[in-house]
Amino acid sequence: MDGVILVAPRSNSRLLPLLQGEDLPMVVIDGDPDLCDNIFVIDNETSVKRAIRHLHSLGHRKIGHIAGPQDLFAARIRKDAFFKEMQELNLPIEFKWIQVGSFDVPTGEEAMSRILRSDELPTAIFCANDEMAFGAINVIRAKGLRIPADISIVGFDDVPLAAFANPSLTTIKQPVDEIARAAASALFAYIEDREPIRSLTFPGSLVQRKSSGPVHQ
């Protein structure tokens with residue numbers, strides 16, 4: 001191999017130290033800066049802040065979170081950013097409204113089911129990725145609740161299906177193509193011309209659709 005592009009290594013990954021020990025040119029997409037160099041990643045913290053501020057601007061004060069697997073850097077930093085922003089806005093953090101999934105639809109459904117068993121419900125849920133948001137939507141609708149009239153949902157990533165969900169999903173758009181091109185270009189430039197690789201952070205943007213709306217008193 002002339003070089004490696006490694007995507008979202010887990011904290012306990014045996015592959016990352018193995019590749020680092022091989023002294024291969026390598027770039028990492030969505031990696032933990034404490035574990036690796038040459039990282040190309042979305043600005044998770046600012047993106048989460050944008051999502052929570054969006055819900056806050058709609059009048060939501062009871063906001064829950066479905067986090068991703070905590071052995072992934074993106075999931076950890078999005079959860080930490082959620083807590084930080086809730087504290088910045090002086091909003092109550094209810095741990096019964098905070099659940100952990102595995103970045104897929106079934107665990108999004110399971111997490112939302114647990115939240116709906118609470119004696120008091122949140123008016124909005126921020127999901128750490130779109131797949132878990134789809135799962136949350138499935139459960140909310142199956143329970144006869146309305147989105148966004150009863151519970152607003154915001155996801156993260158803006159996968160192609162987000163625009164076609166029912167209702168269409170408000171989410172943070174991750175510039176996946178731009179991140180991938182930049183990482184590949186930097187790796188090729190290093191292999192061919194020994195140009196130094198510099199880590200880059202990319203902004204996320206809020207895509208507002210029909211799954212989020214004003215809080216109903």
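# Exercises on a predicted model

The largest pocket has a volume of about 280 Å³. The model is predicted, so to speak of local features a pLDDT of at least 70 is needed, side-chain atom pairs count only at pLDDT 80 or more, and totals for chains, interfaces and linings use all residues. Residues are numbered from 1 along each chain as its sequence is written, and side-chain values use heavy atoms, with hydrogens and water left out.## Exercise 1: the largest pocket and the cavity

Describe the lining of the largest pocket, then that of the largest cavity.

Step 1. A pocket is found on a 1 Å grid over the protein atoms alone, as an open set of points with protein on both sides within 12 Å along at least five of seven lines; a cavity is a set of points where a 1.4 Å probe fits but cannot get out, and lining residues have an atom within 4 Å of a point. Grid points are joined across faces, edges and corners, and a volume is the space filled by probe spheres set on the points.

Step 2. The lining of the largest pocket comprises 19 residues, and Val7, Ala8, Ile29, Asp30 and Gln174 are the ones nearest its centre. Strand 3 (39–42), helix 3 and helix 6 (176–193) each give two or more residues to this lining. Helices (H or I, at least four residues) and strands (E, at least two) are DSSP runs, numbered from the N terminus.

Step 3. One cavity of 30 Å³ or more turns up in a search of the whole structure. The largest cavity holds about 40 Å³ of space. Its lining includes Pro9, Arg10, Asp32, Cys36, Asp71 and Arg76.

## Exercise 2: aromatic rings

Classify the aromatic pairs and state which residues they link.

Step 1. Rings of Phe, Tyr and Trp (its six-membered ring) pair if their centres lie within 6.5 Å; planes under 30 degrees apart count as stacked, over 60 as edge-to-face and the rest as tilted. The count is two aromatic pairs.

Step 2. Phenylalanine 82 and phenylalanine 83 have ring centres 5.8 Å apart and planes at 70 degrees, so this pair is edge-to-face. Phenylalanine 83 and phenylalanine 95 make a tilted pair, with 6.0 Å from centre to centre and 35 degrees between the planes. That pair links distant parts of the chain, since phenylalanine 83 is in helix 3 (residues 73–88) and phenylalanine 95 is in the loop between helix 3 and strand 5 (98–100), 12 residues apart.

Step 3. Ring pairs thus join Phe82, Phe83 and Phe95 into a cluster. Buried means under 20% relative accessible area, exposed over 50%, and partly exposed in between (1.4 Å probe, protein chains only). Phenylalanine 82 is buried at 0%, phenylalanine 83 is buried at 18%, and phenylalanine 95 is exposed at 61%.

## Exercise 3: charges over rings

Find which rings have the charged end of an arginine over them.

Step 1. A charge sits over a ring if NZ of Lys or CZ of Arg is within 6 Å of the ring centre and within 35 degrees of the ring normal.

Step 2. Arginine 78 has its charged end over the ring of phenylalanine 156, 3.7 Å from the ring centre. Arginine 194 has its charged end over the ring of tyrosine 190, 4.7 Å from the ring centre.

## Exercise 4: the sheet

Give the strand order of the open sheet and identify its edges.

Step 1. Two strands pair if DSSP finds at least two bridges between them. The open sheet has four strands in the order 1-2-3-9, with parallel pairing.

Step 2. Strand 1 (4–7) and strand 9 (200–202) are at the edges with a single partner strand each, so one side of each has no neighbour in the sheet. From one strand to the next the twist averages 15 degrees; axes are lines fitted to C-alpha atoms, for helices over the stretch in contact, and angles run from 0 to 180 degrees between N-to-C directions.

Step 3. Strand 1 runs parallel to strand 2 (residues 26–29), and four bridges join them. Valine 4 has methionine 26 in strand 2 as its bridge partner.

## Exercise 5: the backbone

Locate the cis peptide bonds before proline 148 and proline 167, and the positive phi values of aspartate 30 and aspartate 158.

Step 1. Most residues other than glycine have a negative phi, and most peptide bonds are trans.

Step 2. The bond from isoleucine 147 to proline 148 is cis, with omega near 10 degrees; proline 148 is in the loop between helix 5 and strand 7. The bond between asparagine 166 and proline 167 is cis, with omega about 0 degrees; proline 167 is in the loop between strand 7 and strand 8 (170–173).

Step 3. Aspartate 30 has phi near 65 degrees, lies in the loop between strand 2 and strand 3, and is buried at 16%. Aspartate 158 has phi near 60 degrees, lies in the loop between strand 7 and strand 8, and is buried at 15%.
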